[in-house]
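Me: I have a structure here and some labels that go with it. Please show it, and then tell me what the labels rest on.

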Amino acid sequence: MKLKAICAAMALTSVLGAAQAQEVVRLGNLKFAHYGAVSYIKEIAPKCGIKVEERVFAKGLDVMQAIIAGELDVGTTASEAAISGRAGGAPIYVVAGFAKGGALLVGRADLKLKSVKDLKGKKVGVTRGGIQEVLLLAELQQNGLSVSDQPGKDVQLVFLAYADLNQALLGKQIDAMMQSEPQSSQAINKGFGTEIIKPYDTPIGEPVRTMVMTEKFYKEKRPLAEKFMNCFVQSTKTFIDNKAIAEKYVREVVFKGQITKDDFDDAIGNSPYSYDITPEHIQITTDVMVKTGVGRMSKPPVAKDWVKTDLLEAAKKNLGVK
């Protein structure tokens, strides 16, 4: 019996040791097609020697609030939420860029809107504080159109959650929307929306979605941060190289069958998976936010102080990714 007890104790110690060895990374993410490779990290995390606990939020600013509350180690969001978060005191570094694009200006199919100038006198839906709002205001500014969320200007903004924009367009409560993927492609594929433009002709170009780490995680848990970044690069490479895996995972696991193959193809066609980000891109986005008034930052952060791509560069080198 003594021998059995000793063996059982040794087995328990071994199990506990293995559990301790598999360190946990707390990840905040959003439910969009182009965030799929980030979600996939948790599926391959055991192979990377880590465990990833993913929490899904409604919008990027919610991810920032969770980081400020100390509930997350890593978060994904559009760049404007990261910039607003940093300006508001969130202790974060931008460490990677996991997707590009991901926005579309969509008009009601019956109105046959062809250009930004056609939005004069129209109601346009957008999610407050999102990169879509930054792009919409930049487009309206460079086309000489005034804007307000009250009547009386050239364009009236209607602020709605991402999940409500399509229904508002379908119900003709708005005339157009600046929407994310795959919802924008869904509106077009279902026939109640038509593409006006992909809004990438502003100084921002194609907006890059940002992965951020807390300063504490980046500085104090360096080996774990390195493992996580290796896992991110592996996951993203899998999605870029193997579209069938990406499509199956996003359609079946992330969206639980709610989007079609065409929706996925069109969404990723407009928001391809990627790895990279630069201080220059974040600085330009910051400058456009200041110009358009999105985020209302009293002290805009300087990109070179908080864009740290050394972990990404090391992971890409380790895995032979260019």
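Reply: The answers below take the labels one at a time. The model is predicted; local features need pLDDT of at least 70 and side-chain atom pairs pLDDT 80 or more, while totals for chains, interfaces and linings use all residues. Residues are numbered from 1 along each chain as its sequence is written, and side-chain values use heavy atoms, leaving out hydrogens and water.

Me: What makes strand E11 largely enclosed by the rest of the structure?

Reply: A strand here is a DSSP run of at least two residues, marked E and numbered from the N terminus; helices are H or I runs of at least four. A residue is buried under 20% relative accessible area, exposed over 50% and partly exposed in between, with a 1.4 Å probe and protein chains only. In E11, residues 208–214, seven of the seven residues are buried, so the strand counts as largely enclosed.

Me: How do you know that both faces of E11 are covered?

Reply: Val 208, Thr 210, Val 212 and Thr 214 lie on one side, and Arg 209, Met 211 and Met 213 on the other; all of these are buried.

Me: Which strands pair with E11, and what makes them a pair?

Reply: Two strands pair if DSSP finds at least two bridges between them. Strand E3 (residues 74–77) is joined to E11 by four bridges, and strand E4 (residues 92–100) by seven. Both counts reach the cut-off, so both are pairs. E3 runs antiparallel to E11, and E4 does too. On the E3 side, Val 74 is opposite Met 213 and Gly 75 has Val 212 as its bridge partner. On the E4 side, Ala 99 is opposite Arg 209.

Me: Why are E2 and E4 called edge strands?

Reply: The open sheet has five strands in the order E2-E1-E3-E11-E4, with mixed pairing. Strand E2 (50–57) and E4 each pair on one side only, and that earns them the name. From one strand to the next the twist averages 20 degrees.

Me: Which helix lies across these strands?

Reply: Helix H2 (residues 36–44) lies across E1 (23–30), E2, E3, E4 and E11, at about 145 degrees to E2.

Me: Why is H5 called roughly perpendicular to H12?

Reply: The axes of H5 (residues 131–142) and H12 (residues 279–292) come within 10 Å and cross at roughly 65 degrees. That angle makes H5 roughly perpendicular to H12. Axes are lines fitted to C-alpha atoms, for helices over the stretch in contact, and angles between N-to-C directions run from 0 to 180 degrees. Under 35 degrees is roughly parallel, over 145 roughly antiparallel, 65 to 115 roughly perpendicular, and the rest oblique.

Me: Which residues of H5 and H12 meet?

Reply: Contact means heavy atoms within 4.5 Å. Ile 131, Val 134, Leu 137, Ala 138 and Gln 141 of H5 meet Thr 285, Val 288, Met 289, Lys 291 and Thr 292 of H12. Of the residues in this contact, six are nonpolar, three polar and one charged. Ala, Val, Leu, Ile, Met, Phe, Trp, Tyr, Cys and Pro count as nonpolar, Asp, Glu, Lys and Arg as charged, and the others, Gly among them, as polar.

Me: How do you know that E5 is mostly covered?

Reply: Six of the six residues of E5 are buried. E5 is joined to E9 by five bridges and to strand E10 (residues 193–197) by four. The pairing is antiparallel with E9 and with E10. Leu 104 has Gln 179 in E9 as its bridge partner, while Gly 107 is opposite Thr 194 in E10.

Me: Why do Lys 112 and Lys 172 count as exposed?

Reply: Lys 112 has 58% relative accessibility, so it counts as exposed. Lys 172, at 52%, counts as exposed as well. Lys 112 is in the loop between E5 (103–108) and E6 (122–126), and Lys 172 is in the loop between H6 (162–170) and E9.

Me: What is phi at these two lysines?

Reply: Most residues other than glycine have a negative phi, and most peptide bonds are trans. Phi is near 55 degrees at Lys 112 and about 60 degrees at Lys 172; both values are positive.

Me: Which peptide bond is cis?

Reply: The bond from Glu 181 to Pro 182 is cis, with omega near 10 degrees. Pro 182 lies in the loop between E9 (176–180) and H7 (183–189).
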